[in-house]
Amino acid sequence: MLELRGIEKRFGARVAADGVSLEVAAGETLALLGPSGCGKSSLLKIIAGLLPLDGGAVLFDGEDMNLLPPERRGFALMFQDFALFPHLDVAGNVMFGLIERGQSRAQAAREAEAMLERLGLGGYQRRKVWTLSGGEQQRVALARALVTRPRLLLLDEPFSSLDAHLRGQLQGEFTQLLTESGIPAILVTHDREEAFAMASRAAVLHQGRIVQCDAPRHLLARPANAWLARFIGYENVLEHAVVPGRALRLGPQYPPARIESLTWLADGARVEVAAQAGRLSLSLSAREAASLGAELRLGGQFGLGVNAEELIPLPGELSAGS
Ligand SMILES: Nc1ncnc2c1ncn2[C@@H]1O[C@H](COP(=O)(O)OP(=O)(O)OP(=O)(O)O)[C@@H](O)[C@H]1O
């Protein structure tokens, strides 16, 4: 089990980690999620031993990692730019770590072949890495990381340079492989959907601090503050509560809301309205859009209610997000 205790890191006046504590259990994938500059990569480098910390401790199974250099921690790192060795072929890249650990070439080649097979790259051994597609290169990078059987896998934005379709496919494949291998992993990402799809828990970082660390469904059901609620995708965040789409009601019996912006969609419309509760965005189905008739125009009005029972409350003292 990995444990971070009160990690502190500053670059001059910039705070990269401000008392970060968290745990990653055996076999768990934890996402470090947050906007650019919040300190995700710094934290990953601190765990890997590539960046010295100013305070706190990194422990693995109770052992203080600060005393060990990166190569003796037993962690594998995978970055967004693959960082494959261009002068080696695919097999050479995957075998590299095994040979460094003293394995014979023949044994390393057998293990590399088996791992490449498992990642759908059987027969790729002799290919030059620069002839591979982005997705293939990323699979090779994962094969290289997994073949050494690390006790922790550190993934830094591994899919950000890939197109959306490939990203989705690899997210699914990686998640399955991580589950099968039982290797715990930390996934750094600024993409909420990626974090929620791949990780069992996400630690959401803001300015070097963990705002909330929980399972995706709990983050969505009980966001700790307004900033976090917006960051994980809620559009209608009021001062003390989130208004999820399911809390909204249409009908003439409700107070009028005025349409301030309107986008027609193939199957309905998106509107922003000035409502009694505040400024709200909502998607109207084709049927709902039709029910508004001529009022569906800028400046048009329709009845919009908010069911108080379905609001998601924001804890008072934390709700003033920046
Ligand atoms: N080597 C460095 N020297 C000075 N400041 C740094 C250095 N590395 C990081 N920082 C600063 O520390 C803060 C956290 O940076 P970090 O790269 O960890 O954030 P991040 O969340 O990974 O961002 P991104 O998603 O953009 O990669 C930022 O303000 C950054 O400018």
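How do the residues of the shell around the ligand divide into nonpolar, polar and charged? In this predicted model, the shell comprises 3 nonpolar, 7 polar and 2 charged residues. The protein has 322 residues, and its secondary structure consists of 9 helices and 17 strands. The points below cover the overall fold, the surroundings of the ligand, and one open sheet of 5 strands.

**Overall dimensions and packing**

- The C-alpha trace of the protein spans about 80 × 45 × 35 Å along its principal axes.
- Of the 322 residues, 37% count as buried.
- Among contacts between residues at least 6 apart in sequence, 64% join residues that are at least 24 apart.

**Surroundings of the ligand**

- The ligand is surrounded by F11, R14, A16, G34, S36, G37, C38, G39, K40, S41, S42 and H190.
- Two elements, β2 (14-24) and α1 (40-48), each supply at least two residues of this shell.
- The largest share, 3 residues, comes from α1.

**The open sheet**

- The strands of this sheet follow the order β12-β16-β13-β14-β15, and the pairing is antiparallel.
- Because β12 (248-250) and β15 (278-285) stand at the edges with a single partner strand each, one side of each is left without a neighbour in the sheet.
- From one strand to the next, the twist averages 40 degrees.
- In general, the strands of a sheet pair through backbone hydrogen bonds, in either a parallel or an antiparallel manner.

**Pairing of β12 with β16**

- Strand β12 is joined by 3 bridges to β16 (residues 301-306), and the two run antiparallel.
- Within this pairing, L248 has V306 in β16 as its bridge partner.

**Pairing of β13 with β14**

- Between β13 (residues 256-265) and β14 (residues 268-275) there are 7 bridges, and these strands run antiparallel.
- Residue L262 stands opposite V271 in β14.
- The connection from β13 to β14 is a hairpin through 2 residues.

**Pairing of β14 with β15**

- Strands β14 and β15 run antiparallel and are joined by 8 bridges.
- The bridge partner of R270 is S283 in β15.
- A hairpin through 2 residues also joins β14 to β15.

Conventions:
Residues are numbered from 1 along each chain as its sequence is written. This is a predicted model: local features need pLDDT of at least 70, side-chain atom pairs count only at pLDDT 80 or more; totals for chains, interfaces and linings use all residues. A residue is near a molecule or strand if its C-beta atom, placed from the backbone, lies within 6 Å of it. Helices (H or I, at least four residues) and strands (E, at least two) are DSSP runs, numbered from the N terminus. Ala, Val, Leu, Ile, Met, Phe, Trp, Tyr, Cys and Pro count as nonpolar, Asp, Glu, Lys and Arg as charged, and the others, Gly among them, as polar. Two strands pair if DSSP finds at least two bridges between them. Axes are lines fitted to C-alpha atoms, for helices over the stretch in contact, and angles run from 0 to 180 degrees between N-to-C directions. A residue is buried if 20 or more other C-beta atoms lie within 10 Å of its own, exposed if 12 or fewer, and partly exposed in between; C-beta atoms are placed from the backbone. Two residues are in contact if their C-beta atoms, placed from the backbone, lie within 7 Å.
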